[in-house]
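Take a look at the model below. We will go through its enclosed spaces, then its open pocket, then the ligand.

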Amino acid sequence: MNEVKNNTVLSGVQPSGDLHIGNYLGAIKNFVSMQNDYNCFFCIVDLHAITVKQDPNTLINNTLEVAASYIASGINPKKSVIFNQSSVPAHSELAWIFNCVTRMGWLNRMTQFKDKAGKDKENASSGLFIYPNLMAADILIYKATHVPVGNDQKQHLELTRDIAQKFNRDFNCENFFPIPEPIIDKNISRIMSLKDGNQKMSKSDPSEYSRISLLDESDEIIKKIKKAKTADNVMPEKIEKIINLSEVNNLLNIYSGFSGIEKQKLIEQYKGENFANFKSDLSDIIIEKMKPITAEIKKLMQDKSYLLQILLEGKNKANEVAQKTIKDVYDIVGLLRNET
Ligand code: TYM
């Protein structure tokens with residue numbers, strides 16, 4: 001008997017190179033755990049990546065590397081649809097409709113645009129400004145009900161909910177688009193830089209010591225954790241004291257994310273000690289979890305034809321669903337489809 005799954009998950013990762021343990025703990029690890037209970041679509045959002053400059057050859061390699069990272073992390077292509085965004089044109093078509101639904105005021109409030117555009121807003125691409133509309137289209141073209149993401153995407157998810165509601169209201173089609181729920185893990189949804197506990201761990205940080213890449217070998221992980229900032233004295237006894245020690249708090253979140261041990265328990269284990277043992281155990285647990293994944297990513301990258309085959313199958317499955325939604329949307333909006 002065919003299992004009926006009522007809820008749909010969509011999420012995406014940009015192929016902008018150097019995926020790190022923030023992407024893994026904040027997003028990809030959750031993708032894996034949702035595949036048995038939901039219809040899952042996991043996208044490699046190449047159209048989002050080109051909102052800032054990309055080298056065309058590197059972009060294709062990075063796209064394959066995200067596919068390899070998904071599979072190596074445990075996403076099963078037989079259960080979940082893995083595909084790249086640009087291979088399903090309905091994402092862009094729906095994004096245009098949403099460009100006409102979203103209000104300028106809503107986009108003006110997006111903090112990620114302000115962060116990414118920096119001081120030189122005049123010189124940012126217009127794609128970067130309307131980026132959240134494309135993200136809403138990624139989600140709503142599959143009528144996704146749940147979206148696992150890191151905390152930095154929360155505002156974009158709220159905007160997606162507003163767009164879905166406004167579309168349903170403006171075009172008198174109540175419940176056409178579901179109002180998707182973000183799935184954000186409280187502690188590990190914002191992994192911070194290893195050098196500065198107030199900065200998000202990011203692909204774009206110029207220092208490699210700020211992040212642990214999914215491709216790092218064991219010796220690099222040990223080196224980076226050894227160098228990671230902690231605090232001047234010892235591990236405090238109480239969790240309340242940790243909150244002000246942002247770097248220690250971050251390392252505890254990483255430890256907890258990889259080991260499944262609660263933060264409070266970890267604090268009890270290391271309280272009163274300097275951070276040497278803690279760091280050594282933390283490296284061990286990261287290596288234990290990441291080593292097989294890193295090895296598998298590297299192996300899969302040697303077999304590009306396999307990855308291309310997975311993406312082709314994913315594209316076909318995704319197109320089937322997306323085509324149906326975009327046809328309905330054209331009818332709702334009143335766009336003539338002169339089809340035979
Ligand atoms: P991206 O490519 O920047 O990141 C991919 C996923 O990783 C999460 N993430 C983090 N989580 C915890 N700590 C961190 N330091 C950290 N850095 C990144 C992100 O929150 C994200 O879940 N706009 C999205 C991609 C996107 C998308 C979508 C996501 C496009 N369309 C539709 C969900 C649904 C982005 O730039 O993610």
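How many cavities of 30 Å³ or more does the count come to? The count is three. Keep in mind that this is a predicted model.

Start with the largest cavity. Its volume is about 70 Å³. Helix α3, residues 56-73, gives the most to its lining, with four residues. The lining as a whole includes Asn 62, Glu 65, Val 66 and Ser 69. Gly 17, Asp 18 and Leu 19 also line this cavity. So do Ser 213, Leu 214, Leu 215 and Ile 297. By class, the lining of the largest cavity has five nonpolar, four polar and two charged residues.

Now turn to the largest pocket. Its volume is about 1300 Å³. It is lined by 48 residues, and those closest to its centre are Gln 112, Lys 116, Asp 152, Gln 153 and Lys 200. Several elements give two or more residues to this lining: strands β1 (8-13) and β4 (146-148), together with helices α1 (21-34), α2 (46-49), α6 (111-117) and α7 (126-140). Helix α1 gives the most, with five residues. Sorted by class, the pocket lining has 22 polar, 18 nonpolar and eight charged residues.

What takes up the space of the largest pocket? The ligand does. In the shell around the ligand, the elements that give two or more residues are β1, α1 and α7. These three elements also give two or more residues to the pocket lining.

Look closer at that shell. There are 28 residues around the ligand, and the nearest are Gln 14, Tyr 131, Asp 138, Asp 152 and Ile 191. The shell divides into 12 nonpolar, 11 polar and five charged residues.

Some of the nearest residues make polar contacts through their side chains. Which distances separate these side chains from the ligand? For Gln 14, an N or O atom of the side chain is 2.8 Å from a ligand oxygen atom. For Tyr 131, a polar side-chain atom lies 2.6 Å from a nitrogen atom of the ligand. For Asp 152, an N or O atom of the side chain is 2.4 Å from an oxygen atom of the ligand. How much of the ligand does the protein cover, and what area does the ligand have on its own? The protein covers 97% of the 710 Å² of accessible area that the ligand has on its own.

Asp 152 ties the two views together. Asp 152 is among the residues closest to the pocket centre, and Asp 152 is also among those nearest the ligand.

Methods: Residues are numbered from 1 along each chain as its sequence is written. This is a predicted model: local features need pLDDT of at least 70, side-chain atom pairs count only at pLDDT 80 or more; totals for chains, interfaces and linings use all residues. Side-chain values use heavy atoms; hydrogens and water are left out. On a 1 Å grid over the protein atoms alone, a cavity is a set of points where a 1.4 Å probe fits but cannot get out, and a pocket is an open set with protein on both sides within 12 Å along at least five of seven lines; lining residues have an atom within 4 Å of a point. Grid points are joined across faces, edges and corners, and a volume is the space filled by probe spheres set on the points. Ala, Val, Leu, Ile, Met, Phe, Trp, Tyr, Cys and Pro count as nonpolar, Asp, Glu, Lys and Arg as charged, and the others, Gly among them, as polar. A residue is near a molecule or strand if one of its heavy atoms lies within 4 Å of it. A polar contact is a pair of N or O atoms within 3.5 Å; within protein, one must be able to donate a hydrogen and the other to accept it, and residues adjacent in sequence count only if both atoms are side-chain atoms. Accessible areas come from the Shrake-Rupley method with a 1.4 Å probe; for residues, only the protein chains shown count as cover. A molecule sits in a cavity or pocket if more than half of its atoms lie within 2 Å of its grid points.
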